[in-house]
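Let's look at a protein chain together, one question at a time.

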Amino acid sequence: MLPTSIHNLVQLFTRLPGIGPKVAERFVYHFLMNGKGEVKRFIDGFEELAKTIQSCESCFTFAESSPCSLCGNAMRDKTMVCVVAMPSQIPAIEKTGYHGVYHVLRGVINPSEDKGPEHLKIIELKKRTGIKELILALNPDLDGEATMLYLQQEFKNTGVTITRLARGLPMGSDIEYADEITLGDAFKNRKTL
Ligand SMILES: [Zn+2]
């Protein structure tokens, strides 16, 4: 029923996480109702993003430089690597005063989405040298737990100490939204696996 260009854009928006056809359609009508200026603002934003943001060669976060400002900072403890699923979780951990570096897996093992360990930056993590402690800071939900178990096995007998955040974080919670006191406590009381 929809004109082709509307239909195509709706299809594109449904590729975004958590966006179904109804919401996608609302997005398209938002652009149509707000005119060419709004379209241009988004196009400019996407172009700027593609031009300026790159993947850090060391921790795989997205940054304006590679290595990113955290990996490139001589004051950070490079022997301590905090493993997170997404870059969006780093600011919450930074607030706790953590002084090591990170490794962004770009997701977690998720069988229902056909996402296996090979889709994550695990080989890249194993290639990193000089790690003494690996802090697993994945969300305490089913997929997060499965991923932490996998990593624990992968790093068995490598001499790397593996710790995970204490259980203070409620099951099913998201590190990205955890308050700094709870997250700070979970960090301080992290457990060796
Ligand atoms: Zn980095």
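Below, a student and a tutor talk through this model.

Tutor: Residues are numbered from 1 along each chain as its sequence is written. This is a predicted model, where local features need pLDDT of at least 70, side-chain atom pairs count only at pLDDT 80 or more, and totals for chains, interfaces and linings use all residues.

Student: How many helices and strands does the chain have?

Tutor: Helices (H or I, at least four residues) and strands (E, at least two) are DSSP runs, numbered from the N terminus. Their order along the chain is α-α-β-β-β-α-β-α-β-α-β-α-β. The count is 6 helices and 7 strands.

Student: Are α1 and α2 parallel, perpendicular or oblique to each other?

Tutor: The axes, lines fitted to C-alpha atoms over the stretch in contact, come within 8 Å for α1 (residues 4–13) and α2 (residues 21–52), and they cross at roughly 125 degrees. Angles run from 0 to 180 degrees between N-to-C directions; under 35 degrees counts as roughly parallel, over 145 as roughly antiparallel, 65 to 115 as roughly perpendicular and the rest as oblique. So α1 and α2 are oblique.

Student: Which element gives the most to the largest nonpolar core?

Tutor: A nonpolar core joins buried Ala, Val, Leu, Ile, Met, Phe, Trp, Tyr and Cys residues through C-beta atoms within 7 Å, buried meaning that 20 or more other C-beta atoms lie within 10 Å of a residue's own. The largest one here has 38 residues, and C59 and Y102 are among those with the most contacts inside it. Elements giving two or more residues include α5 (142–154) and β3 (77–84). With 4 residues, the one that gives the most is β3.

Definitions and conventions
A residue is buried if 20 or more other C-beta atoms lie within 10 Å of its own, exposed if 12 or fewer, and partly exposed in between; C-beta atoms are placed from the backbone.
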